[in-house]
Structure formats: C-alpha cells, structure tokens
Amino acid sequence: MSYQEVVKEVREKQNIDLAQLRLLLGETTKENIEYLYKNAREVADEIYGKRVFKRGLIEFTNYCKNDCYYCGIRRSNATTERYRLEKETILDCCKKGYDLGYRTFVLQGGEDGYFTDERICEIVSAIHKEYPDCAITLSIGEKSKESYQKYFEAGANRYLLRHETANNEHYKMLHPGYLSLKKRKQCLWDLKEIGYQVGCGFMVGSPYQTIETLYEDLQFIKELEPHMVGIGPFIPQRETPFAKETAGTLDMTLKLLAIIRLIHPHVLLPATTALGTIHENGRELGVLAGANVIMPNLSPADVRDKYKLYDNKACTGDEAVEGDKNLRLRMEQIGYELVCDRGDFQ
Ligand code: SAM
C-alpha cells in the first residue's frame with residue numbers, strides 16, 4: 001500500500017496500527033506529508049468549519065509539590081521564582097479576556113497546596129457567577145474524585161490532564177516513583193464520569209519515547225475518547241534532569257496532530273505554545289495539520305516568564321493576549337477565522 005493509500009485507510013477506519021504509524025511518522029517526501037495534513041484539515045473542517053477557537057490561559061501558580069523530571073516548575077528547581085495569583089487578579093485576567101471575546105478560561109498551575117479545594121471552588125464560583133456564558137477549564141493535576149466533583153459543582157466544566165505517556169515503563173522514566181500512570185489514568189476516568197469535558201495528551205519527543213510508546217498513546221486516546229488532546233513538543237529546561245536532552249521536532253508534532261485528527265475526528269486539538277516556541281509559525285502550521293484551538297496567555301505580563309516549563313517559552317508576542325489582533329490576522333492569512341465562542345466539543 002502506498003503512503004497516500006494508508007492515509008486514506010486511517011481516515012476511513014479512524015484507526016491506525018503500529019506498522020501504519022511507523023510509515024506515517026517516518027515519511028520524508030513533502031508531497032506525501034502535505035497529503036496527510038490536507039486530509040486532517042478536511043476532517044476538522046467538515047466538523048468545525050474553518051474556525052479556530054481561542055482559550056484564555058491563566059497560569060495562576062508555579063508552586064508545585066511534584067518533581068517531574070522534564071518540568072521547569074518542578075519542586076527541586078530552586079532557581080524558579082515562585083508566584084501565585086490571588087482571586088482578584090485571576091478575575092482581572094478574565095475581565096481582560098472577556099472584553100477581547102474570550103469565552104473559555106483555562107486555569108492552569110502546579111500542584112500547589114495553598115490552593116485548597118475551598119480556594120479553588122471560591123475562584124471557580126466567582127468566575128462562573130461573573131461570566132455565566134463562559135466555559136471554565138481547570139488544569140491543576142491529580143486530585144481525588146471528591147475534589148473534582150466539588151470543582152464541577154462550583155462551575156468548572158472542562159479539565160486538562162495530560163496522561164504524559166500511556167506506557168508504564170516510560171512513565172517511570174519521566175516521573176519520580178511516587179507518581180504512577182495508573183493513578184493518572186484513573187483521574188481521567190473519574191473526570192469523565194463526573195461529566196467534565198476532558199483532555200489528555202503528551203509531549204512529542206519526550207526522552208525515551210519510541211514509536212511503540214506513541215502507538216500506546218494513540219490507543220489510549222481511542223479508549224478514553226477524550227474531548228480534547230493536548231500535544232506539543234518536549235523542550236528541555238536547563239534546571240531539570242532533562243536539561244541536556246533533545247527537543248521534540250516540529251515535523252513529528254505536526255504529523256501526530258494530523259494522525260490524532262484522523263483517528264479521533266471530533267477532538268478539540270490545540271496548536272500549543274510549545275509548538276509556537278519551536279517555530280515562529282508553529283501555530284499556523286498546527287492548524288494546517290488539523291489543530292483547531294489556540295490558547296493565548298491571559299496571565300499578567302509580570303508573571304508570564306516565571307511559568308517556565310521549558311527554555312525560551314514564547315510569552316510576550318502574538319501568543320500572549322496582547323497579540324489578539326495579530327493572531328486573528330495570522331489565522332485569516334491561512335484561511336481560518338479566530339472565533340469568539342466557547343468552542344464546545346461537537
Ligand atoms: N500540574 C498540572 C498537571 O500536572 O497536569 C498542569 C501543569 S503542567 C506544567 C502542564 C503540562 O506542561 C504537562 O502536562 C506537560 O506535558 C507540559 N510540560 C512540562 N514540562 C514541559 C517541557 N519541558 N516541555 C514541554 N512541555 C512540558
């Protein structure tokens with residue numbers, strides 16, 4: 001079977017096997033790779049139209065009790081200047097975003113004990129009360145099902161928790177021993193059961209990743225059927241154990257975005273900040289490979305460069321909320337409209 005026939009088959013069956021994945025990821029011919037992207041784009045366009053949804057990302061704390069080997073805000077990184085935003089500041093960020101047409105707010109942070117369930121619920125309720133027409137997404141790590149339930153009742157309706165890798169051995173190579181894939185996956189199932197729109201995901205090119213582990217990631221996506229999938233290139237951070245590792249590539253990330261679109265057509269798929277960091281047109285290229293979500297940064301300008309998950313993180317240009325107009329133009333240039341819409345799963 002030719003490359004293009006395989007693309008067609010993956011699209012038709014909405015599934016992929018290991019040999020097909022190897023073939024699609026290994027391709028170097030421009031024309032064939034373009035064919036993969038074109039198919040992914042068509043699938044996204046059929047469901048969502050030529051529209052890209054924007055989400056306002058508020059990185060509200062960089063304190064974290066965890067010590068993931070890849071992450072710049074891991075607790076052992078003593079060089080990170082820590083910060084946390086209080087409720088009023090978070091609400092100011094939402095106001096700024098709302099006035100610019102944002103209808104989804106994503107609260108992301110490290111696992112910070114200061115933000116007890118009570119505090120999280122207070123913040124979520126306040127946003128919900130002020131902006132009842134907006135979706136509230138949380139991305140604050142692993143919690144008990146009871147906690148997730150409380151946040152849901154307070155008004156949160158989406159939750160992002162990347163599974164990071166669906167392979168047990170690989171998971172152990174990326175995380176300290178007290179963290180487990182089993183627990184991470186359980187959290188995702190709990191979230192789904194409660195009624196959240198959930199997002200899983202992984203870094204592309206993380207250390208020790210192989211085609212086989214990626215295949216397991218795709219199988220996990222098929223099994224979980226998440227509403228969102230967040231993938232972006234791994235980028236080393238100089239104060240982590242993975243400082244000297246190689247970054248994930250644009251090529252692999254775009255191919256994987258396209259494959260995820262083909263096997264799980266309705267997914268909300270962001271072209272992430274990490275993708276915009278490794279290439280100046282990373283986000284446009286992401287959309288042209290099947291992504292349909294962009295998450296500009298709504299955090300106050302003075303804390304943005306402290307949320308350093310990886311080196312050289314893009315945070316002051318068009319990926320920030322100040323670049324809203326530019327971002328709209330950039331999407332228009334590639335034939336897409338950046339819309340003011342909650343952008344729910346369809
Ligand atoms: N604490 C929450 C959690 O565990 O889901 C949310 C914050 S965590 C920093 C968000 C995501 O950043 C992680 O799921 C991980 O995939 C990504 N990330 C961390 N370090 C990274 C790096 N060096 N390069 C690319 N992405 C990274």
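Biologist: Which helices and strands do the buried residues of H8 pack against?

Modeller: This is a predicted model: local features need pLDDT of at least 70, side-chain atom pairs count only at pLDDT 80 or more, and totals for chains, interfaces and linings use all residues. Residues are numbered from 1 along each chain as its sequence is written, and side-chain values use heavy atoms, without hydrogens and water. Helices (H or I, at least four residues) and strands (E, at least two) are DSSP runs, numbered from the N terminus. The buried residues of H8 (buried: under 20% relative accessible area; exposed: over 50%; partly exposed: in between; 1.4 Å probe, protein chains only) pack, by contact (heavy atoms within 4.5 Å), against helix H6 (145–154), strand E5 (158–160), helix H7 (168–174), strand E6 (197–204) and helix H9 (211–224).

Biologist: Which residues of H8 are buried?

Modeller: H8 covers residues 181–194. Its buried residues are Leu181, Arg184, Cys187, Leu188, Asp190, Leu191 and Ile194.

Biologist: How far does H8 reach from its first C-alpha to its last?

Modeller: H8 has 14 residues. The expected span is 1.5 Å times one less than the number of residues. For H8 that gives 20 Å, and the reach is close to it, at 20 Å.

Biologist: What phi does glycine 195 take?

Modeller: Glycine 195 comes just after H8. Its phi is positive, about 120°.

Biologist: Is glutamate 164 buried or exposed?

Modeller: Glutamate 164 sits in the loop between E5 and H7. It touches Tyr70, Tyr171, Leu174, His175, Arg184, Gly201, Phe202 and Met203, not counting residues up to four places away in sequence. Arg184 is one of the buried residues of H8. With a relative accessible area of 8%, glutamate 164 is buried.

Biologist: Now H3. How far apart are its end C-alpha atoms?

Modeller: H3 has 19 residues. At 1.5 Å a residue they should span 27 Å. The end C-alpha atoms agree with that, at 26 Å.

Biologist: What covers the buried residues of H3?

Modeller: Asn32, Ile33, Tyr35, Leu36, Tyr37, Asn39, Ala40, Arg41, Val43, Ala44 and Tyr48 are buried in H3. Their cover includes helix H1 (3–13), helix H2 (18–26), strand E1 (51–54), H10 and helix H12 (282–288).

Biologist: What phi does glycine 49 take?

Modeller: Glycine 49 follows just after H3. Its phi is positive, about 75°.

Biologist: What is the phi of glutamine 14?

Modeller: Most residues other than glycine have a negative phi. Glutamine 14 lies in the loop between H1 and H2. It is partly exposed, with a relative accessible area of 35%. Although glutamine 14 is not a glycine, its phi is positive, about 50°.

Biologist: Is asparagine 312 buried or exposed?

Modeller: Asparagine 312 belongs to the loop between helix H13 (301–304) and helix H14 (324–333). Its phi is near 60°, a positive value in a residue other than glycine. At 67% relative accessibility, asparagine 312 counts as exposed.

Biologist: What is the relative accessible area of cysteine 94?

Modeller: Cysteine 94 is part of helix H4 (residues 87–99). Leaving aside neighbours within four places in sequence, its contacts are Ile58, Phe105, Ile127 and Tyr131. Cysteine 94 is buried, and its relative accessible area is 0%.

Biologist: How many Å apart in space are cysteine 94 and isoleucine 58?

Modeller: Ile58 is among the contacts of cysteine 94. In sequence, the two residues are 36 residues apart. In space, C-alpha to C-alpha, they are apart by 8.4 Å.
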